[in-house]
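Dear colleague,

Please find below the structure that I am handing over to you. My notes on it follow.

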Amino acid sequence: MIWDYFLFSLQSFRARKTRTFLTTLGIFIGIAAVVSLISLSSGLEEAIVGQFSEIGTDILTVQAAETGYGPPGSTAAKKLTEDDFEAIEKVKGVKNVAKRYIRVINLEFKDEIKYIYTTTLPEKTEVRKIVLDAMNLELVEGRMLKIGDKNKVVIGNNYYSQNVFPKKIRLRDDVLINGKEFEVVGILEKAGNPQLNGIVLFNEETFEELLGIENEVDLLIVQIDNPDNIEKITKDMEKALRKSRDVVRGKEDFGIQTPQEAVEALTSILGVIQAVIVGIAGISLIVGGIGIMNTMYTSVLERTREIGIMKSIGAKNSDILVIFLIESGILGLVGGGIGVILGVGFSKLVEVGARIALGPSILQASFSLFLILGSLGFAFLVGMVSGILPAKQASDLEPVEALRK
């Protein structure tokens with residue numbers, strides 16, 4: 001019986017193709033927005049969480065409390081110091097500690113100056129590997145900095161592939177940094193993170209000499225020996241830093257971020273973004289639902305005589321109600337199906353565009369079965385709900401009155 005109702009609804013759609021398409025327009029725009037944007041944000045989340053997993057769950061980040069916007073550590077009222085570095089090194093369970101500097105320098109090439117953010121590599125082999133793994137850097141030309149290299153730098157891909165300066169910087173070119181000459185020994189491969197494409201890498205000691213840094217650090221990267229003891233080690237680090245920085249509990253002027261906290265912060269932000277996306281797309285779905293309701297009311301008026309004939313040969317009110325509900329539900333489902341196809345296509349297009357623009361990109365689309373089926377189910381539900389009042393009106397028609405119209 002239900003199959004007969006379904007076939008009957010399809011015949012009705014064939015007779016009104018243009019109206020059917022226009023009715024589903026609002027539905028498939030909303031569903032396309034939901035599918036494409038949520039799939040992209042989900043893919044982004046999965047990729048970033050995956051990168052955190054590759055870096056490892058044994059890496060913690062320490063930085064001073066910030067007072068404004070800028071590179072990590074740059075706006076701290078009281079920066080981290082060598083004493084803090086040594087205090088953390090002594091904490092039981094800490095395997096390695098790496099100092100990091102993130103500062104602004106002036107880079108001059110062919111008589112043109114640019115002000116850019118730059119960072120450093122530690123001078124110890126074991127901690128240098130931590131930093132390189134965390135940044136996930138690959139070279140397109142040349143070599144990475146060696147421990148002990150003086151007046152040598154590795155540059156981001158933008159200086160090699162784009163017209164940042166009047167002339168592109170090549171391997172073995174000399175550049176002036178803060179008025180001092182450096183040789184380019186390596187060029188980084190294009191990264192998914194745009195910030196990495198514009199950096200300049202220094203050895204730690206060379207950078208300290210260049211900027212006259214004596215007793216301050218922007219960031220500390222800490223590797224612990226056992227991730228299962230991360231809570232205890234973090235508390236011991238906090239205790240050591242309170243003593244080193246002469247602050248009491250509750251008045252800490254520093255922060256320690258664990259991998260779990262970083263992932264939770266990220267997923268929280270993406271969750272809010274997804275909620276906003278669904279809310280905006282919901283407006284389109286409401287408009288689409290009103291369109292379905294309007295179409296179904298029109299359909300009832302056009303098919304009044306047809307309803308009278310069906311009732312006169314034995315159709316019950318419930319039969320008429322089901323027919324029109326299925327018809328409105330299918331309208332929603334058709335709109336949802338088109339929306340899913342468009343959403344998948346749009347998100348894949350964005351993914352390809354991002355890969356072309358950024359190289360190996362973390363912007364990838366992720367399509368879960370729940371997202372696809374949920375979108376289709378919700379579109380069908382919107383159609384059904386929108387058709388309730390028109391279907392009720394159709395089922396309440398008296399056969400004699402319907403045949404007279």
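**Helix 4 and its surroundings**

In this predicted model, helix 4 (residues 125-135) has the buried residues V127, R128, I130, V131 and M135. Helices here are DSSP runs of H or I with at least four residues and strands are runs of E with at least two, numbered from the N terminus; buried means under 20% relative accessible area, exposed over 50%, and partly exposed in between (1.4 Å probe, protein chains only). Viewed down the axis of helix 4, these buried residues fall within an arc of 155 degrees, so they line one face of the helix. The arc is taken from the directions from the helix axis to the C-beta atoms. T125 and K129 are exposed residues on the face turned away from the buried side. Among the elements covering the buried residues of helix 4 are strand 1 (59-64) and strand 10 (219-224), where contact means heavy atoms within 4.5 Å. Just after helix 4, N136 has a positive phi of about 55 degrees.

**The residue N157**

N157 sits in the loop between strand 6 (152-155) and helix 5 (158-161). N157 is buried, with a relative accessible area of 6%. A polar atom of its side chain lies 2.9 Å from the backbone oxygen of L188.

**Conventions**

Residues are numbered from 1 along each chain as its sequence is written. Local features need pLDDT of at least 70 and side-chain atom pairs count only at pLDDT 80 or more, while totals for chains, interfaces and linings use all residues, and side-chain values use heavy atoms, leaving out hydrogens and water.

With kind regards

Terms used
A polar contact is a pair of N or O atoms within 3.5 Å; within protein, one must be able to donate a hydrogen and the other to accept it, and residues adjacent in sequence count only if both atoms are side-chain atoms.
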